[in-house]
2 protein chains.
Amino acid sequence: MQKVDVYKLIERMAALIRSEERKRCTEMGLQVVHLQVMDYLSRCNKYSNTPVALTNYLGMTKGTVSQTLLLLERKGFVRKEADLADKRMVHLYLTEEGQLMLGQAYPSDLFSNAGLFLEAHNPDLTEEPFINALTALQKAHKSNSFGLCKTCKFFTHTNDGFLCGLTKETLTQSDSEKICQEHTLL
Amino acid sequence: MQKVDVYKLIERMAALIRSEERKRCTEMGLQVVHLQVMDYLSRCNKYSNTPVALTNYLGMTKGTVSQTLLLLERKGFVRKEADLADKRMVHLYLTEEGQLMLGQAYPSDLFSNAGLFLEAHNPDLTEEPFINALTALQKAHKSNSFGLCKTCKFFTHTNDGFLCGLTKETLTQSDSEKICQEHTLL
DNA sequence: TATGCCCTGTTTCGATTCGAAACTAAATGG
DNA sequence: CCATTTAGTTTCGAATCGAAACAGGGCATA
């Protein structure tokens with residue numbers, strides 16, 4: 001029963017992160033959503049860089065996502081590309097400017113500083129409990145878990161690399177380390 | 001160097017929590033900010049239930065906070081009370097309706113379900129690494145840490161209870177377990 | 001191949017948020 | 001006693017937000 005309190009702690013961390021993000025965005029003249037969108041696009045794999053995936057990931061309506069993308073496109077941070085196979089679909093990419101802006105707006109120094117503190121004061125800390133907490137949260141989260149490709153139940157190793165058991169396509173190392181909307185826990 | 005990755009995991013959890021919050025808010029006809037404000041008011045102590053504290057906690061401008069509070073007041077979720085000592089200040093309280101709404105909108109079942117998973121699959125998991133991670137993040141966070149009163153360096157025990165070394169006031173058990181804007185790490 | 005349904009994404013609407021800047025009023029501090 | 005700081009409000013224009021209607025591509029089934 002004390003275990004539940006782990007999530008109180010995680011919420012507190014989430015609140016701090018949110019606050020930092022908001023300040024950064026304000027400084028850069030962005031909205032928080034913009035940062036979230038660009039961050040997602042920089043981390044998701046080729047199956048997941050579509051407006052619908054974004055809609056599910058962020059928990060917004062598709063109309064709102066469409067609007068936000070329009071603005072990000074207008075500002076030159078995001079580029080759209082029609083899917084060749086399915087003409088309904090659109091793939092989203094960060095432009096050079098988008099990547100640059102993301103790098104500036106993202107509170108990476110907060111995390112690296114916190115990481116340094118952690119390393120200095122708790123040298124024997126491991127990632128394991130955090131991985132377990134994330135997995136439990138993904139399971140409790142009703143809809144898609146949006147996990148890393150390589151932790152998916154459809155992810156398999158082959159002679160010459162990696163394979164997605166769902167799409168039957170081969171995957172690069174980089175693919176396997178990105179967020180996938182089809183991610184399914186074991 | 002692997003330690004830094006702990007925060008990648010925490011970010012992923014934060015993103016999932018955010019997504020769930022947004023969905024809940026939409027269902028209840030609220031904006032995410034409203035939930036954040038009400039959640040904060042339900043957790044903060046008597047020194048920290050003011051618009052400025054909210055402004056710092058959420059990382060928004062005071063104008064925006066003022067607007068948001070106006071709306072929450074109009075909807076009957078929040079009540080304002082002038083400070084008796086300092087007439088510039090205002091104290092904010094959740095109304096009965098506000099508490100009720102917060103209870104409904106808050107994704108508490110997500111956390112309790114996740115807690116159950118965690119308990120079932122990792123019975124020997126402790127809170128310690130999470131406390132350490134939060135403390136490190138609070139230290140890295142430049143501005144106020146917004147920690148729990150009882151973890152503050154000004155918090156002291158006396159014969160008949162608790163005392164805040166900053167305001168020299170006695171504190172109740174409940175006070176000591178709430179968020180304080182004056183919170184300072186050791 | 002035609003019909004109907006589902007899916008992806010856009011558009012439009014009105015209410016709300018957001019940040020910026022100007023503002024009021026109260027406290028503070030020489 | 002006056003300048004400065006601090007708490008909070010007001011006003012403005014741009015952007016967000018959700019809801020609902022819409023357009024059009026896929027796909028199954030007849």
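The residues of the surface near DNA strand C in this predicted model divide into eight nonpolar, 11 polar and seven charged. The strand is surrounded by 26 residues, of which V52(A), K62(A), Q67(A), V90(A) and H34(B) come nearest. Sugar or phosphate supplies 70% of the atoms of DNA strand C that lie within 4 Å of the protein, and bases supply the rest.

Individual polar contacts give this surface more detail. The side chain of K62(A) places an N or O atom 2.8 Å from a base oxygen of DNA strand C. Two further side chains of chain A address the phosphates: an N or O atom of S66(A) is 2.9 Å from a phosphate oxygen of DNA strand C, and in the side chain of K80(A) such an atom is 2.8 Å from a phosphate oxygen of that strand. Two or more residues of the surface near DNA strand C come from each of α1, α3 (51–58) and α4 of chain A, and likewise from each of α2 (32–43) and α4 of chain B. Among these elements, α4(A) gives the most, with four residues.

The account now turns to DNA strand D. This strand is surrounded by 26 residues, and the closest are H34(A), V52(B), K62(B), Q67(B) and V90(B). Of the atoms of DNA strand D that come within 4 Å of the protein, sugar and phosphate account for 69%. The surface near DNA strand D comprises eight nonpolar, 11 polar and seven charged residues.

Both protein chains make polar contacts with DNA strand D. From chain A, a backbone N or O atom of K87(A) lies 3.0 Å from a phosphate oxygen of the strand, while the side chain of R88(A) has an N or O atom 2.8 Å from a base nitrogen. From chain B, an N or O atom in the side chain of K62(B) is 2.7 Å from a base oxygen of DNA strand D. The helices that each supply at least two residues of the surface near this strand are α2 (32–43) and α4 (62–74) of chain A, together with α1 (5–28), α3 (51–58) and α4 (62–74) of chain B. The largest share, four residues, comes from α4(B).

Aromatic pairs form the last topic. A pair of aromatic rings is described by the distance of the centres and the angle of the planes. Over all chains, the count comes to 13 aromatic pairs. In one of them, the rings of Y7(A) and F111(B) have centres 6.1 Å apart and planes at 35°, so the pair is tilted. Because Y7(A) lies in helix α1 (residues 5–28) of chain A and F111(B) in helix α6 (residues 108–121) of chain B, this pair joins two chains. Y7(A) and F111(B) are both buried.

The rings of F111(A) and Y7(B) also have their centres 6.1 Å apart and their planes at 35°, and the pair is therefore tilted. F111(A) belongs to helix α6 (residues 108–121) of chain A and Y7(B) to helix α1 of chain B, so this pair, too, joins two chains. F111(A) is buried, as is Y7(B). Finally, Y7(A) and F111(B) form one aromatic cluster with Y106(B).

Note on methods: Residues numbered from 1 in each chain as written. Chains lettered and ligands numbered in written order. Predicted model: local features only at pLDDT ≥ 70, side-chain atom pairs only at ≥ 80, totals over all residues. Heavy atoms only, no water. Near = heavy atom within 4 Å. Polar contact = N/O pair within 3.5 Å; in protein donor to acceptor, adjacent residues only side chain to side chain. Nonpolar A, V, L, I, M, F, W, Y, C, P; charged D, E, K, R; others polar. Phe/Tyr/Trp six-rings, centres within 6.5 Å; stacked < 30°, edge-to-face > 60°. Buried < 20%, exposed > 50% of the residue type's maximum accessible area, 1.4 Å probe, protein only.
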